[in-house]
Amino acid sequence: MSAISIAGLTKDYGDVRANDDVTLDVEPGEVFGYLGPNGAGKTTTIRTIMGFQSPTSGTATVLGAPVTDERALVDARERIGYLPANPAFDEEATGREVLDLHASLKGDARRAELLELFDVPVDREIRGYSTGQKQKLGLVQAFMHDPDLLVMDEPTAGLDPLVQRTFNEFVRQEKAAGKTFFLSSHVLSEVRRVCDRIGIIRDGRIVEVASVADVLQRAGKYVRVRVAADVDREDVSLDGVHELTVESVDGGYADLPMATAGGDASDERNADATGTALAELTFTYTGSFDALVDYLDGFHVLELDVEEAPLERVFMRFYDDDETLDVDAETDATAGTEPTRDESTERGDDPMPAGTDAGHGGDA
Amino acid sequence: MFEFARYYGSRRLKGTAVMTAGFAVLVALYVWMFPSISDGIDLDAYVASLPPALQQAFGLQALNTIEGFLAAELYAFGWVLLLGIYFAYAAAGLIADDVDRGRMDMLLSLPVSRSKVLLEKFASILVPLVVLNVVTPVVVYLALLGIDESISVTDLAMVHALAVPYLLVAAGVGVLASVVFDRASVAQRVAAGGFFGFFLLDSVTAGTDVAWLGALSPSRYYDPTAVLVASEYDLQGAGLLLAAAVVLVLASRAYFERKDVA
């Protein structure tokens, strides 16, 4: 049985259809990232499955409890930890008083351990808390009764990087202990560290549900390579190259053997001055490494960076109308959105042949 | 059981203590003023010169007796008007304030029913309601000893006992506004203003052709002057008020159980 099962969930606020036919399942023991920009409908889904509002149509169950059945949902909530976006508490109460109230209703077997981990000034009135401290108090109450399922709306918002790391580490640890997570975020690189699968929502509709590994693979690598050659954009014939930019540069390679003209010419924009053509290529690469290495073998390579493509970039693709639903055709579709501006026009009109063996670029 | 009632009730203790002390000072002031006022001014002639609406509004009768004086100055004004508005206002914040400040999601994520949230929050308002009506008569009694006056203990107890259903109706009006409106400031204005409107309805229609309209007003069923001056207890009215309070709370609960929390 799914920990969370959402089927055709629609929430219409009259002026806005905040959720439109949302369908997804969260399996027990997985960490599911619910992603989308602000206003996409993440919070609407979360508040509906928590029973704070009823769906306009469609159904959902949480730990088997239908979200429209209050009695069943109340029982299920004993095993749910919840963190709202921007958690708010009685300003005049201390953190301890709030936790005491929560403890009296759901238990607090892990309170001490969590307070150690997240360090909340529990004896101070909450009115004096910073955003991060309120967030940490929210995390403590969400985990303290050792729930099976955690539903968290932007859990790392307002946390400093160190605490974010603590949180991520804790999530991994809890997942290993069999907990299920449903986390929302608008920052992909954040959830990528902890999630098994992600669902992407946009304008109230689910546009993608996939494993993080899958998305990363489709996302490809971000490649930046600097070669001692004059490269024309049209000459780059390697398959699996997307979003290519080519720039003629003066990279300040004065100390390189072939830059014989000396370093004082390095402030010239055009590589002609040194008698050496330099080009920097950047692209997203979804092909095989072998093909990439073979291709680069034809160049004198000065610098090479190969990184995981930033998920934000992938994210943007999902938000491009033409591609949102066409997941299988992703690679091709992306190729079609390559920037059309020609960034290679900066190169010299009559590049001098380089005094190196890098003259046959693009033939690989 | 009663986790919310305990929590929210205890959060009202400080405010209750301040308010009770304030009323104790007011009682002491009135009682201290009474001998000189009743000697120096012909209060009955003064009252007779006032329009009937005003006489009705503040239960002005036998003002030169301590019973009539307290009924008018302390109870008709302090209890029927001020506390009525206060409890309508305070109860209007019970739900709407948490919704308005984004705290309701956190409460409802706990393994509790909405019914429990609403009923126990309503119960927390009993703290000031009960404390005020238990402590104040004691203060009145002791203060009167100080000026060598006395008052019927039964009447004094009854004027407070009968105030309870009346103030519960005020709180009931408040909690209904609290579930209907998501913004606390709106709920509080509607509840306090509405309750004041009811009070006016009873007094301005007094002695006119539409006096029957006053039957809609809770203050029609709680008359401190009748209790203190004539020892007349409107038990039927109190029963009606109690029933109205129950209806208001149950209606609020039914609405809250079905509504989308904003």
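Helices (at least four residues) and strands (at least two) are DSSP runs, numbered from the N terminus. With that in hand, welcome to this predicted model. Chain A holds 11 helices and 14 strands, while chain B supplies the biggest part of the largest nonpolar core through its helix H5.

**Chain A as a whole**
- Chain A has 364 residues, and 41% of them count as buried.
- Take the contacts in chain A with a separation of 6 or more: 73% of them join residues 24 or more positions apart.

**Helix H1 of chain A**
- Why is helix H1 (residues 42-49) of chain A largely enclosed by the rest of the structure? The reason is that 8 of its 8 residues are buried.
- The buried residues of H1(A) include charged-letter names you can look for, A:Lys42 and A:Arg47, along with A:Thr43, A:Ile46 and A:Ile49.
- Just after H1(A) comes A:Gly51, with a positive phi of about 85 degrees.

**The nonpolar cores**
- How many residues does the largest nonpolar core have? The count is 138, and B:Phe87, B:Ala88, B:Ala91 and B:Ala191 have the most contacts inside this core.
- Helix H5 of chain B (residues 66-100) gives this core its largest share, 22 residues.
- Another core, of 17 residues, lies apart from that one; among its members are A:Val223, A:Val231, A:Val241 and A:Phe299.

**A closer look at B:Ala88**
- Leaving out residues up to four places away in sequence, B:Ala88 touches B:Ala170, B:Ala171, B:Val173 and B:Gly174.
- Under the same condition, B:Ala88 also touches B:Ala191, B:Ala192 and B:Phe195.

Notes: Residues numbered from 1 in each chain as written. Chains lettered and ligands numbered in written order. Predicted model: local features only at pLDDT ≥ 70, side-chain atom pairs only at ≥ 80, totals over all residues. Core = buried A, V, L, I, M, F, W, Y, C linked by C-beta atoms within 7 Å. Buried ≥ 20, exposed ≤ 12 C-beta atoms within 10 Å, placed from the backbone. Contact = placed C-beta atoms within 7 Å.
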